[in-house]
Amino acid sequence: MKSWYLLYCKPREELRAQQNLALQEVESYLPMISQQKKVRNKTQMVTAPLFPSYLFIYFDPEVTSVSKIHNTRGANRIVGCREDMTPIDDRIISALKRRVQGHVPEVEKPLSKGDKVTFVDGPFKDLEAIFDENNPDKRCHVLFTIMGQQKRILVELSNLKSA
């Protein structure tokens, strides 16, 4: 009887395994989401697997050989308990498909003058400041209150997050 199973793939080879399984006429599902990532100091939207190195496959072990799936390029093994493969309920896969389809990526807006920021690293970790302006070479000016006085200091942009 056909069921969904979880296939563990070789690192970053989920798409290769999915393509090779399709050639063997095995249905598969790779949940992908859009997310914001920094690539070469630029923020970009990229599509990545929701579960890296994992792929859901739908097949009947009595019709399609399990060893054939294990020997598929990009695939490693079917996840289960010891020797037994553990089938996944169809409702879980359906719910997962609905959630992935309805996923809206969080987009981090760039900081602008007057925004409250929190230090995430460095000597001022967990303290708040006010963003003043960007500076070249990945640094910025913030207004920081020290001993009752507001001082303008230059910090690494990577040490800040929006409050």
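Me: Which residue does Asp132 meet in a salt bridge?
Reply: Happy to help; this is a predicted model, where local features need pLDDT of at least 70, side-chain atom pairs count only at pLDDT 80 or more, and totals for chains, interfaces and linings use all residues. Residues are numbered from 1 along each chain as its sequence is written, and side-chain values use heavy atoms, leaving out hydrogens and water. A salt bridge here is a side-chain nitrogen of Lys or Arg within 4 Å of a carboxyl oxygen of Asp or Glu. At 2.7 Å, N to O, the partner of Asp132 is Arg152.

Me: Is Asp132 buried or exposed?
Reply: Buried means under 20% relative accessible area, exposed over 50%, and partly exposed in between (1.4 Å probe, protein chains only). Asp132 has 12% relative accessibility, so the label is buried.

Me: Which strand holds Glu156, the partner of Arg139?
Reply: Strands are DSSP runs of E with at least two residues, and helices are runs of H or I with at least four, numbered from the N terminus. The side chains of Arg139 and Glu156 meet in a salt bridge at 2.8 Å, N to O. The pair links distant parts of the chain, 17 residues apart, with Arg139 in β11 (residues 139–146) and Glu156 in strand β12.

Me: Why are Ile93, Leu96 and Val100 on the same side of α3?
Reply: These three residues of α3 are buried. An α-helix has 3.6 residues a turn, so residues three or four places apart point the same way. Judged by directions from the helix axis to the C-beta atoms, they share a side because they cover an arc of only 60°.
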